[in-house]
Amino acid sequence: MTTSLFAPLTLPNGGTLPNRIAKAAMEENLADAGQLPGAALWRLYEAWGAGGAGLLITGNVMIDGRALTGPGGVVPERGTPLEPFRRSADGRTLAREAYFLSFAQEIAAVSRMPVMTTGGIRRQAVAVVAMASALACMPDLPKRWRDGQAVDAPLAVVGWRDKAVAGLATMALVKRRLRVIAAGRRPRRSYSPLYSLVIDQLRTCKLTARYRQWRQARG
Ligand SMILES: Cc1cc2nc3c(=O)[nH]c(=O)nc-3n(C[C@H](O)[C@H](O)[C@H](O)COP(=O)(O)O)c2cc1C
């Protein structure tokens, strides 16, 4: 596929993406009290909206508060005030090869809808590429590429021997960067994986206690 990343794409429903770069889903774990979106999430999505990606996909939004993927998830349930959700919707819409790229190309050959791939993206092989970790490091990476800057987002790969703990630390690094952007600052190029993991675990304990209280209050 030779289409420029910055060529618009008309979707089957008539909508148009201004370019082929999508921000992939990332569970933010940044809900305010009551599992509602608030200032932190607005700032994060504002940064991505201004950063030039043609499509923003939110992290998990769970419609049943008993089934969250993390204690800081947002939950629109019956009786939930909708205004905070409307406000967050106002934000505008590599070292490894993408995992299933050749498979995705086979799907694209027979599919009538545009195909998007995600995961370790470093080349465009189908209609849309979706990036997660890179846009947590550098939310304006698409804009920089569009402006001709030859920049790569730093890859946060933790090479510890215990792969399970290393995976947790890698996620903790990404989530730390999301919190920095949500606080209105620019993430640094590197952080300590161990310290990031510790603060992520402590934060999860705190959010879990708040979530339990919220669940109990709902009966
Ligand atoms: C912190 C974090 C949270 C994620 N949360 C979600 C999620 O809520 N839903 C989902 O479908 N994928 C989620 N993913 C997977 C990403 O959308 C993406 O497929 C994956 O990270 C590979 O892309 P990357 O190599 O550009 O990071 C998450 C990834 C990260 C790093």
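Biologist: Where does Asn29 sit in the protein?

Modeller: This is a predicted model, and in it Asn29 belongs to the loop between strand 3 and helix 1.

Biologist: What makes Asn29 count as buried rather than exposed?

Modeller: Count the C-beta atoms. The cut-off for buried is 20 or more others within 10 Å. Asn29 has 22, so it is buried. Its phi is positive too, about 55 degrees, although Asn29 is not a glycine.

Biologist: Which other residue of that loop has a positive phi without being glycine?

Modeller: Gln35, with phi near 55 degrees. Gln35 is also in the loop between strand 3 and helix 1.

Biologist: And is Gln35 buried or exposed, and why?

Modeller: Run the test again: buried needs 20 or more. Gln35 has 23 C-beta neighbours inside 10 Å, so it counts as buried.

Biologist: Then why is Thr16 called exposed?

Modeller: Exposed means 12 or fewer neighbours. Thr16 has 9 inside 10 Å, so it goes into the exposed class. It is found in strand 2, residues 16–17.

Biologist: What does Thr16 touch, leaving aside its neighbours within four places in sequence?

Modeller: Pro8, Leu9 and Thr10. There's also Gly54, 38 residues away from Thr16 in sequence, with 9.0 Å between the two C-alpha atoms. For a contact you need C-beta atoms within 7 Å, so don't read that C-alpha distance as a contact test.

Biologist: How much of the whole protein is buried?

Modeller: Of the 219 residues, 32% are buried. As for the elements, there are seven helices and six strands, and from the N terminus they run β-β-β-α-β-α-α-β-β-α-α-α-α.

Biologist: Which strands form the sheet, and in what order?

Modeller: Four strands, ordered 4-3-6-5, in an open sheet with parallel pairing.

Biologist: What makes strand 4 and strand 5 the edge strands?

Modeller: Each of them pairs on one side only. Strand 4 covers 55–56 and strand 5 covers 116–118.

Biologist: How do you know that strand 3 and strand 6 really pair?

Modeller: The bar is at least two bridges found by DSSP. Strand 3 (residues 21–23) and strand 6 (residues 128–131) have three, in the parallel sense, so they pass. As for partners, Ala22 bridges to Ala130 in strand 6, and Lys23 stands opposite Met131 in strand 6.

Biologist: What about strand 5 against strand 6: how many bridges there?

Modeller: Three again, and parallel. Thr118 stands opposite Ala130 in strand 6.

Biologist: Which way do the residues of strand 6 point?

Modeller: Val128 and Ala130 go one way, Val129 and Met131 the other, and all are buried. That fits the general pattern: in a regular strand, side chains alternate between the two faces of the sheet.

Biologist: On to the helices. Why are helix 1 and helix 6 called roughly perpendicular?

Modeller: The window for that label is 65 to 115 degrees. The axes of helix 1 (residues 39–50) and helix 6 cross at roughly 95 degrees and come within 7 Å. The label roughly perpendicular therefore applies.

Biologist: Which residues make that contact?

Modeller: On helix 1 they are Ala40, Leu41, Arg43, Leu44 and Ala47, and on helix 6 Leu178, Ile181 and Ala182. By type the contact holds seven nonpolar residues, no polar and one charged.

Biologist: What angle do helix 6 and helix 7 pack at?

Modeller: About 80 degrees, with the axes 8 Å apart; helix 7 is residues 193–218. The window of 65 to 115 degrees applies again, so helix 6 is roughly perpendicular to helix 7. In this contact, Leu168, Ala169, Ala172, Leu173, Lys175 and Arg176 of helix 6 meet Pro193, Ser196, Leu197 and Asp200 of helix 7. The tally there is six nonpolar, one polar and three charged.

Biologist: Last one: which residues are closest to the ligand?

Modeller: Ala24, Ala25, Glu27, Ala132 and Ser133, out of 17 that surround the ligand. Helix 4 (133–137) and helix 6 (163–182) each supply at least two residues of that shell, with helix 6 giving the largest share, three residues. By type, the shell has nine nonpolar, six polar and two charged residues.

Key
Residues numbered from 1 in each chain as written. Predicted model: local features only at pLDDT ≥ 70, side-chain atom pairs only at ≥ 80, totals over all residues. Near = placed C-beta within 6 Å. Nonpolar A, V, L, I, M, F, W, Y, C, P; charged D, E, K, R; others polar. Axes fitted to C-alpha atoms, helices over the stretch in contact; angles between N-to-C directions. Parallel < 35°, antiparallel > 145°, perpendicular 65-115°, else oblique. Contact = placed C-beta atoms within 7 Å.
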